[in-house]
Amino acid sequence: MQNIAQLKLFTRMDLASESVLFLESNKRNGVVADHHGPNGAASGGEGSGPGSPNSGEGSSKGADGTELMKKPIGLLDDKLKKRVRKLSRSNSKDGVLGVAGTPNFVSPHRKWKNSRRSRNGYGRGLPKKGGAGRKGVWGKPGSEVYDELDEDPNDPNFDIDAYNSTHNVELKEIVPQLTEPEVVKKLEAIILEYYEHGDTHEVADALDDMLPPAMKPLVTKTVVAVAFEHKQSQRELTSVLISDLYGRIVTREDICAGFDLLLANMSDIILDTPDAPHLLGNFIARAVADDCIPPKYAYQSDREDLDQHGQSALVRATTLLSMHDGWGQLDNVWGVGGALRPVQTITQQMSFLLQEYLLSRDLSEAQRSIKELEVPHFHHELIYEAIIMTLEAFNESTEVAICELFRILDSTCIVTPEQMEQGFRRVYEDMTDIVLDIPLAYSILDRFIQRCQRAGSFLSEALIKDIPTRGRKRFVSEGDGGLVKQINFRHDL
């Protein structure tokens with residue numbers, strides 16, 4: 001019953017709002033009724049008011065006696081009229097409401113209640129406070145950063161010191177100082193990248209603003225320590241880097257201080273790099289030859305603050321500087337690494353390496369020497385020279401040693417299968433010339449390949465199948481009386 005009463009109440013309110021809107025529109029146009037008489041005068045002007053004698057039960061009639069409109073029963077009070085205007089204004093943008101009793105009818109009060117627009121009837125209908133005005137919400141995220149607290153100096157709890165400390169603030173740029181482990185870590189990354197591109201100017205640009213003056217000796221210490229764990233070509237790059245950084249990033253005193261740090265820690269470095277004194281002596285001698293440090297630094301081998309390992313490093317540097325050939329030969333103290341050497345030089349070093357291995361039969365030393373050559377693209381020449389040496393020796397012990405070397409090189413991936421096969425096929429192609437110097441080359445090669453096949457699977461099936469054999473080129477038969485045969489023979493090459 002209560003719901004029915006509410007529905008009737010709001011239905012009346014809806015009708016009243018329509019009547020008020022109609023009267024206001026006619027009042028603005030100067031017309032009271034919708035219909036005019038035949039003379040164009042407004043009819044029913046005297047009976048249009050609610051209290052006029054012509055008004056019946058909420059209606060008025062014109063001159064011809066027809067009913068013009070239905071009026072509300074009574075005047076609306078101010079409070080109800082204000083509420084009706086509020087309802088009509090909030091629902092004016094939604095179109096005409098449905099008629100009561102129809103399927104699309106929505107009660108005005110319910111539509112107003114469920115509306116998410118502003119309650120005051122103004123604005124664009126957006127949520128209040130940007131959606132941050134719900135219960136239990138402190139506001140938009142980040143709004144507390146920009147909100148300024150209004151502090152009253154007359155407040156008894158006002159703290160003048162706290163107010164001055166928060167308002168009289170002077171911001172200054174502070175560059176954090178790097179610790180020694182952080183500097184060493186960054187230097188190692190820069191040096192490893194330098195080994196890839198070889199540009200000393202890029203390294204200098206990276207170190208220009210990174211190092212404080214007190215940590216510049218760490219440059220020499222770190223670059224030499226990293227070079228201990230790399231090959232000869234990287235050590236040559238390290239010596240070039242020290243020479244290029246001299247005068248721009250580090251001074252002569254910084255380089256000497258860096259070498260002092262390495263000499264003092266030589267007993268710990270030698271645990272990881274057994275030949276560290278020998279290598280450090282080469283670095284010191286090369287720095288003297290490049291005019292980075294004075295020569296007297298290398299001749300102080302009797303320093304009491306150094307242990308025997310540090311003194312041996314200085315003795316190595318003194319020996320190199322005292323050679324009669326002069327300091328010019330120190331430019332090649334690390335050798336010429338990689339593919340920069342001539343082919344004849346690399347071939348000669350490989351020949352010396354194989355001869356030393358056949359005398360010592362030391363596989364580990366042979367592997368180290370092959371790695372130091374730094375020519376993985378030229379390992380097929382090593383295989384070729386080893387097979388030729390086996391054919392020339394005509395000795396079973398040499399065949400066993402070379403076969404074991406090939407097996408170790410394949411298992412440790414020092415020589416790739418492609419380089420191994422390329423070396424064998426080069427021998428296959430030159431067998432016609434080799435057999436002129438070694439008549440039994442075909443039989444020795446066949447026996448050696450069978451031995452390698454039994455030793456391991458480092459030779460492919462196609463390579464074994466393509467072993468060259470020496471065919472018998474017989475144009476004259478022994479039983480034909482020395483006559484040349486008139487038919488063609490197929491020669492197996």
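Cys413 is exposed in this predicted model, with a relative accessible area of 63%, which lies above the 50% that an exposed residue must exceed. Cys413 sits in the loop between α17 and α18, and its phi is positive, at about 60°, although the residue is not a glycine. The protein around this loop comprises 21 helices and two strands, and 34% of its 493 residues are buried. Among contacts with a sequence separation of 6 or more, 63% join residues that are 24 or more positions apart.

**Loop residues with positive phi**

- Most residues other than glycine have a negative phi.
- Glu374, in the loop between α15 (363-373) and α16, also has a positive phi, near 55°, without being a glycine.
- Glu374 has a relative accessibility of 15% and therefore counts as buried, because the limit for a buried residue is under 20%, whereas Cys413 is exposed at 63%.

**The two nonpolar cores**

- The largest nonpolar core contains 53 residues, and those with the most contacts inside it are Leu207, Val224, Phe259, Leu280, Ile284 and Ile293.
- Two or more residues of this core come from each of the helices α6 (180-197), α7 (200-208), α8 (217-227), α9 (232-245), α10 (252-264), α11 (266-272), α12 (276-289) and α13 (308-321).
- Helix α12 provides the largest share of the core, with nine residues.
- Val224, one of the residues with the most contacts inside the core, touches Thr238, Ile242, Phe259, Leu262, Leu280 and Phe283, when residues up to four places away in sequence are not counted.
- A second core, separate from this one, has 47 residues, including Ala401, Ala441, Cys452 and Ile464.

**Packing of α17 against α20**

- Helix α17 (residues 396-411) packs on helix α20 (residues 441-455) at an angle of about 45°, and the two axes are 10 Å apart.
- That angle makes α17 oblique to α20, because it falls between the limit of 35 degrees for roughly parallel helices and the 65 degrees at which roughly perpendicular begins.
- The crossing of α17 past α20 is right-handed.
- On the α17 side the contact is made by Glu396, Glu399, Val400, Ile402, Cys403, Phe406 and Arg407, and on the α20 side by Ile444, Arg447, Phe448, Arg451, Cys452 and Ala455.
- Sorted by class, this contact of α17 with α20 has eight nonpolar residues and five charged ones, with no polar residues.
- Cys452, one of the α20 residues in the contact, is also included in the second core.

**Packing of α16 against α18**

- Helix α16 (residues 379-393) and helix α18 (residues 417-429) likewise pack at an angle of about 45°, here with axes 8 Å apart.
- The helices α16 and α18 are therefore oblique to each other, and their crossing is right-handed.
- From α16, the residues His379, His380, Glu381, Ile383, Tyr384 and Ile387 meet Gln419, Met420, Gln422, Gly423, Phe424, Arg426 and Val427 of α18.
- The contact of α16 with α18 is made up of six nonpolar, five polar and two charged residues, whereas the contact of α17 with α20 has no polar residues.

Terms used. Residues are numbered from 1 along each chain as its sequence is written. This is a predicted model: local features need pLDDT of at least 70, side-chain atom pairs count only at pLDDT 80 or more; totals for chains, interfaces and linings use all residues. Side-chain values use heavy atoms; hydrogens and water are left out. A nonpolar core is a set of buried Ala, Val, Leu, Ile, Met, Phe, Trp, Tyr and Cys residues joined through side-chain atoms within 4.5 Å. Buried means under 20% relative accessible area, exposed over 50%, partly exposed in between (1.4 Å probe, protein chains only). Helices (H or I, at least four residues) and strands (E, at least two) are DSSP runs, numbered from the N terminus. Contact means heavy atoms within 4.5 Å. Axes are lines fitted to C-alpha atoms, for helices over the stretch in contact, and angles run from 0 to 180 degrees between N-to-C directions. Angles under 35 degrees count as roughly parallel, over 145 as roughly antiparallel, 65 to 115 as roughly perpendicular and the rest as oblique. A crossing is left-handed if the near helix is turned anticlockwise from the far one by less than a right angle, and right-handed if clockwise. Ala, Val, Leu, Ile, Met, Phe, Trp, Tyr, Cys and Pro count as nonpolar, Asp, Glu, Lys and Arg as charged, and the others, Gly among them, as polar.
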